[in-house]
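Colleague: I would like a close look at a single part of this model. Could you take me through it carefully, with the cut-offs stated as you go?

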Amino acid sequence: MELPTSLDKVATPHGWSFEFELTGEETEWEQANEPAVTARKPLWTKWQRHSVWTYCELSMPAVTVEQLEYRYGERTALAGVSFDVAEGEIFGLLGPNGSGKTTLFRILSTLLPVQTGKAIVGGYDVSRDPDGARRQIGVTFQSPSLDIKLTVLENLIHQGRLYGLTGTRLRTRCAEVMEQLGVADRARDYAERLSGGLKRRVEIAKCLLHDPRILLLDEPSTGLDPGARYDLWKVLQSLRDEHGVTILVTTHLMEEADRCTRLAILDLGNLIAEGKPDELRSMVGGDSLTIQSDQPEQLSQKLQQRFGVQASRIGDALRIEREGGHELLGEIATGFPGEFRSLTLGKPTLEDVFIKLTGRDLQTTESPTTGKKKRGSHV
Ligand code: ADP
Ligand code: MG
C-alpha cells in the first residue's frame with residue numbers, strides 16, 4: 001500500500017476505503033493493521049506509527065450486500081441483490097410480500113447461510129465471522145418476541161442476561177433503552193397489557209440492550225394503527241439522530257418508505273431500483289391519475305380510443321401517468337360520467353414508482369411462478 005497524502009482515500013486490500021490525515025513527518029508507510037480491527041473502533045481512530053500520528057476516518061459502509069442469491073429448494077428468494085448502507089442511514093427495503101425482504105434479513109442476521117454472494121455487517125463477513133456480525137446488530141422480526149406474562153423490565157432483564165449483561169450494567173442498560181424507546185413509565189406493567197405499538201417499542205428496546213450499531217427491523221409497524229406507527233417512526237428517527245444507530249427496515253407501506261433516507265425496491269428477489277425517495281419519485285413524470293371503475297377494461301379501451309392514453313390496470317383501478325393530468329381529469333369527468341366511481345389526481349408516490357417498474361401494485365401478492373415476474377396487464 002502506498003503512503004497516503006493528506007486526506008487521501010486509500011483502498012485497503014479488503015475493499016474498504018479510509019481517509020487519512022497525516023500530521024507530522026512522513027516516514028515509511030507500514031502495511032496497515034488488519035482493517036477489521038480498526039473497523040470495530042469508533043469513527044475516529046488514532047494510530048501511532050513511528051513518529052507519525054495518523055488519523056483515519058472510516059468510510060466503510062455499515063452493511064454491504066454483494067450479488068446475494070438465496071434459494072429455498074427450487075424457489076428463488078433472492079436473485080443476486082447488491083447494495084451498500086452507509087453509517088447513520090435509515091435504509092428501507094420496500095417490496096410486496098414474497099419479494100425476499102425477510103430472507104435478506106435472515107442472512108444479514110446469520111440465521112440463514114450465504115449460498116451465493118457476500119454480506120458484510122458492521123465490518124464482519126457474515127459467513128466468515130458470524131459472531132462478530134451478530135454483535136453489531138439488533139434484530140426484530142415480524143413475529144412477536146415478548147413474553148407477555150413478564151413485565152417490560154423482566155423481559156429486558158431476561159434478554160440482557162442472554163447477552164451476558166449482569167448487575168449494575170444490566171440495570172443501567174435496561175433503564176437507558178426504556179428511556180430511549182419511551183417505555184420507562186411502563187417498566188412494571190405486564191407485556192400483555194401493552195398496546196401493539198408499545199409492545200413493538202419494547203421489542204426494539206430488547207434488541208438495543210447490547211448497544212448494537214445496526215438495527216434490522218423486519219416490517220416493524222405490521223399491525224400498528226397509524227398513530228402508533230407515527231410514534232414508532234419518531235423513535236427510530238431519534239435513535240438515528242441522537243444515538244447514531246444505522247437502521248435497516250423492511251416495509252411494504254409506501255408512507256413508511258417515504259421516511260427513509262434511502263430505499264431499495266425489491267421485487268421477486270430482484271433489486272429493481274435504489275435511491276432517495278425523491279429521486280425514485282422523479283422516475284415517474286408528471287401527475288398520477290387514478291380511476292376507480294366497475295368496468296375498468298371497457299373504460300380503458302374508451303380512454304385509449306378517445307384520448308390515445310394507455311392506462312395501467314391495477315385491480316379494479318386504472319392508473320395514468322401524465323403531464324397536465326388535471327386537464328385529462330376534467331375531460332374524463334365530463335366525457336364518461338357514470339363510468340367511474342372516483343377520479344383522483346396526485347403527485348407520483350413510491351407506489352407509482354413500483355407500478356411503473358413492475359406493472360403491479362405493492363399490495364399484490366407474489367406470483368405463484370416464482371422467478372418470473374408477473375406483469376400487470378397494460379390494457
Ligand atoms: P418477504 O419478506 O418480502 O415477504 P420472503 O423472504 O419471506 O419475502 O420470501 C421470499 C420468497 O421465498 C417467497 O417466494 C417465499 O414464498 C419464499 N420462502 C420464504 N421462506 C421460505 C421457506 N422457509 N421455505 C420455502 N420458501 C420460502
Ligand atoms: Mg417478510
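Colleague: Why is helix H2 (residues 101-108) largely enclosed by the rest of the structure?

Modeller: This is a predicted model, in which local features need pLDDT of at least 70 and side-chain atom pairs count only at pLDDT 80 or more, while totals for chains, interfaces and linings use all residues. Residues are numbered from 1 along each chain as its sequence is written, and chains are lettered from A and ligands numbered from 1 in the order in which they are written. Helix H2, a DSSP run (H or I, at least four residues for a helix; E, at least two for a strand; numbered from the N terminus), is largely enclosed because six of its eight residues are buried, where buried means that 20 or more other C-beta atoms, placed from the backbone, lie within 10 Å of the residue's own. Those residues are Lys 101, Thr 103, Leu 104, Phe 105, Ile 107 and Leu 108. After the helix comes Thr 110, with a positive phi near 70°.

H2 also takes part in the surroundings of ligand 1, since it provides three residues, the largest share of the shell, and both H2 and strand S6 (75-85) supply at least two. Among the 13 residues around the ligand (near meaning a C-beta atom, placed from the backbone, within 6 Å), Tyr 72, Ala 77, Lys 101, Thr 102 and Thr 103 come nearest. By character, the shell divides into two nonpolar, eight polar and three charged residues, with Ala, Val, Leu, Ile, Met, Phe, Trp, Tyr, Cys and Pro counted as nonpolar, Asp, Glu, Lys and Arg as charged, and the others, Gly among them, as polar.

Definitions and conventions
Buried ≥ 20, exposed ≤ 12 C-beta atoms within 10 Å, placed from the backbone.
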